[in-house]
Structures are given as structure tokens and as C-alpha cells.
Amino acid sequence: MADMEDIPVGTLQNVLDQKTLKWCFVGGKGGVGKTTCSSSLAVQLAAVRESVLIISTDPAHNLSDAFKQKFTKVPSKVDGFNNLYAMEVDPTPETGDAEQLEWAQDSFLTELAGSIPGIDEAMSFAEVMKQVQTLDYSCIVFDTAPTGHTLRLLNFPTILEKGLQKLVSLKGAMGGMMGQVSKMMGMGDDNMADQVLGKVEGMLEIVKTIGEQFRNPDLTTFVCVCIPEFLSLYETERLVQELAKFEIDTRNIVINQILYPDTGMLQF
């Protein structure tokens, strides 16, 4: 039997000590305790940071259950805390919700965006990130969906950047045509294309900033959560490999459901 002194101490103290940390993702296979870990981590961070926001991006939200408090897509203060806030968002909103987003208010932009696979979800995610950034929390914890959904979420900045660059590249080619269309429709706005694609360029800057921050280990880290079973460990290994491709820091793995023997009961 291995010496109990050889077992490493389980701690996320390095996350709490990293004062530059802005984004902290907690993810893994479904049913391994991601919400419990992210909620506990957010509580601990609230004790050492000025303000903390925890966001659930899992369509099957459990954050409200964890804190026994109903949360919505608008940040709410967690009961019993002065500097801990929580919100539950869906990165793939229903059609009615998507139509309320800023980028969807322009029908021309919506049509262009619709021609790029996956960009509708990505732009919805960007809107959430834009809202979060304006609220100026010192640290933001993500209680993510199971691995597959999380990898898609982390890929959204790349999808957006490529998609929006395609739209911007159309600006020169379509500017004159859009002006003619505007006159034909009696809109009298020769700069409609500039106004529409100006929104795209503004969104592109936000996306680039988010992407750069996600790849900066001083600002972002990913805490993997698993349980001591083959499928969970295998999926965690794959997750770490994918995170490395995204250049996202991952130096902590939480293994739940481990029972240590009571050393006082052991007989040799």
C-alpha cells in the first residue's frame, strides 16, 4: 500500500493566489460534480477578490439548486454574500431570444451571418461576453456544460473571428451595391453598408480581445473535473488535449468521489 504521505494535497489554492486571473472555466464529463466545484471555487474566490460572477452555460442549469436561489440571465447577488453574483445563460438561445440581440436587429447583417455555419450561436455568446465585460467583475467563473458543448463554446471566438472577417472583407465589394439598393428603396442612406458592417467590425474587436484573454495563462485557466472511472478519465485526457490546441491553460484537475481510508482503522 502506498504511503499516505506520498498522496498529493488536493488544493486549488494556486487559483485563489493568482490575482491576475479574470476567467476561470470549470468543466468535464456530465455528472462528475462540475457545479459543486465551480460554486465552491466561486465562494472561495469571493473571499479574496473584490467581486466575483459565476455563470452557468449548461442548458440543464444546476446553479440555482446549488445555492437554493433562482437565477436568470441577469446577474443577481447570491444570498449571504456582498460580492458574489450569479447568472444562468444559454449560449444557444431560442429564436425569440436571439431576435432581441443587438446584432440581430439589422436584417441585412442577420442574413449575412446566417450564411456562416455556427456563427449565430457564436454571436449570441459574444453578446453575453460583451455584457459581462461591461459589468467589470474582478473574476468570472464559468460552470460549463458537458465536455462537447464546452469545447464548442471555447471555439466560438475562433468561429466568430473567421466569420466576421469574411463579412468585413465584403465591405469594399458590396458598399457601392448597398448604396444603390438604399436609393432604389427610397431609404436615402448611402452609408448603410458602412453602418451595418461597422457593427460587425466593433464585434470583431470584442471577439479578438476575448480570444487573446482566453489564451493568456495570466488571465484564464480551466479546471477539469472528473471521477475515478475509465470513461471520465479518458474524456478528461481528451479535454486537456483539446484545451492545449486552444492554447488555454489547464493545470488543475479535480477528482471527485475518492474515499480515503481512515488511517486510525488500518491494521498492519
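Seven strands make up an open sheet, which in this predicted model runs in the order E3-E4-E2-E5-E1-E6-E7 with mixed pairing. At its edges stand strand E3 (76–77) and strand E7 (252–255), each of which pairs on one side only. Strands of a sheet pair through backbone hydrogen bonds, and the pairing can be parallel or antiparallel. One parallel case is that of strand E2 (residues 52–56) with strand E4 (residues 84–88), which are joined over 5 bridges. Within this pair, Leu53 has Tyr85 of E4 as its bridge partner.

**Overall figures**

The protein contains 9 helices and 7 strands. It has 268 residues, and 44% of them count as buried. The exposed surface comes to about 14,300 Å², of which carbon and sulfur atoms supply 53%. Among contacts with a separation of 6 or more, 77% are between residues 24 or more positions apart.

**A residue inside the sheet**

Val223 is found in strand E6. Is Val223 buried or exposed? Its relative accessible area is 1%, so Val223 is buried, the cut-off for that class being under 20%. Leaving aside residues up to four places away in sequence, Val223 touches Leu12, Cys24, Phe25, Val26, Gly27, Leu41, Asn252 and Val254. Phe25 lies 198 residues from Val223 along the chain, but the C-alpha atoms of the two are separated by 6.0 Å.

**Helix H9 against the sheet**

Which strands does helix H9 touch? Helix H9 (residues 230–245) packs on the sheet and touches strand E1 (23–28), strand E6 (220–226) and E7. The direction of helix H9 makes about 165° with that of E6.

Ser232 is one of the residues in helix H9. Ser232 counts as buried because its relative accessibility is 2%. Apart from residues up to four places away in sequence, Ser232 touches Lys29, Val32, Cys226 and Ile227.

Helix H9 also holds Lys245 and Glu242, which are 3 residues apart and therefore separated by about one helical turn. These two residues form a salt bridge. Lys245 is exposed, at 60% relative accessibility, whereas Glu242 is partly exposed, with a relative accessible area of 22%.

**Salt bridges**

Side chains of opposite charge can pair when their charged atoms come close. How many salt bridges are counted in this model? The count comes to 2, and the table gives the distance between the closest N and O atoms for each.

| Residues | Closest N and O atoms |
|---|---|
| Lys245 and Glu242 | 3.4 Å |
| Asp249 and Arg251 | 2.3 Å |

In the pair formed by Asp249 and Arg251, Arg251 counts as partly exposed, at 39% relative accessibility.

**Two positive phi angles**

Most residues other than glycine have a negative phi. Glu247 has a positive value, with phi near 60°. Where does Glu247 lie? Glu247 lies in the loop between H9 and E7. At 54% relative accessibility, Glu247 counts as exposed, since that class begins over 50%.

Gln257 also has a positive phi, near 65°, and is a residue other than glycine. Gln257 belongs to the segment after E7. With 55% relative accessibility, Gln257 counts as exposed.

**A nonpolar patch on the surface**

Which residues form the nonpolar patch on the surface? The patch consists of Ile253, Ile255, Ile258 and Tyr260, and together these have about 380 Å² of accessible area. Ile258 is found in the segment after E7. Ile258 counts as partly exposed because its relative accessibility is 37%.

**Summary**

The sheet is open, with mixed pairing, and helix H9 packs on it. Val223 in strand E6 and Ser232 in helix H9 are examples of buried residues, at 1% and 2% relative accessibility. Lys245, at 60%, is an exposed residue, and so is Gln257, at 55%.

Conventions:
Residues are numbered from 1 along each chain as its sequence is written. This is a predicted model: local features need pLDDT of at least 70, side-chain atom pairs count only at pLDDT 80 or more; totals for chains, interfaces and linings use all residues. Side-chain values use heavy atoms; hydrogens and water are left out. Two strands pair if DSSP finds at least two bridges between them. Helices (H or I, at least four residues) and strands (E, at least two) are DSSP runs, numbered from the N terminus. Contact means heavy atoms within 4.5 Å. Axes are lines fitted to C-alpha atoms, for helices over the stretch in contact, and angles run from 0 to 180 degrees between N-to-C directions. Buried means under 20% relative accessible area, exposed over 50%, partly exposed in between (1.4 Å probe, protein chains only). A salt bridge is a side-chain nitrogen of Lys or Arg within 4 Å of a carboxyl oxygen of Asp or Glu. Patches are made of residues with over 30% relative accessible area and no salt bridge: like charges are joined within 9 Å, nonpolar side chains (Val, Leu, Ile, Met, Phe, Trp, Tyr) within 5 Å. Accessible areas come from the Shrake-Rupley method with a 1.4 Å probe; for residues, only the protein chains shown count as cover.
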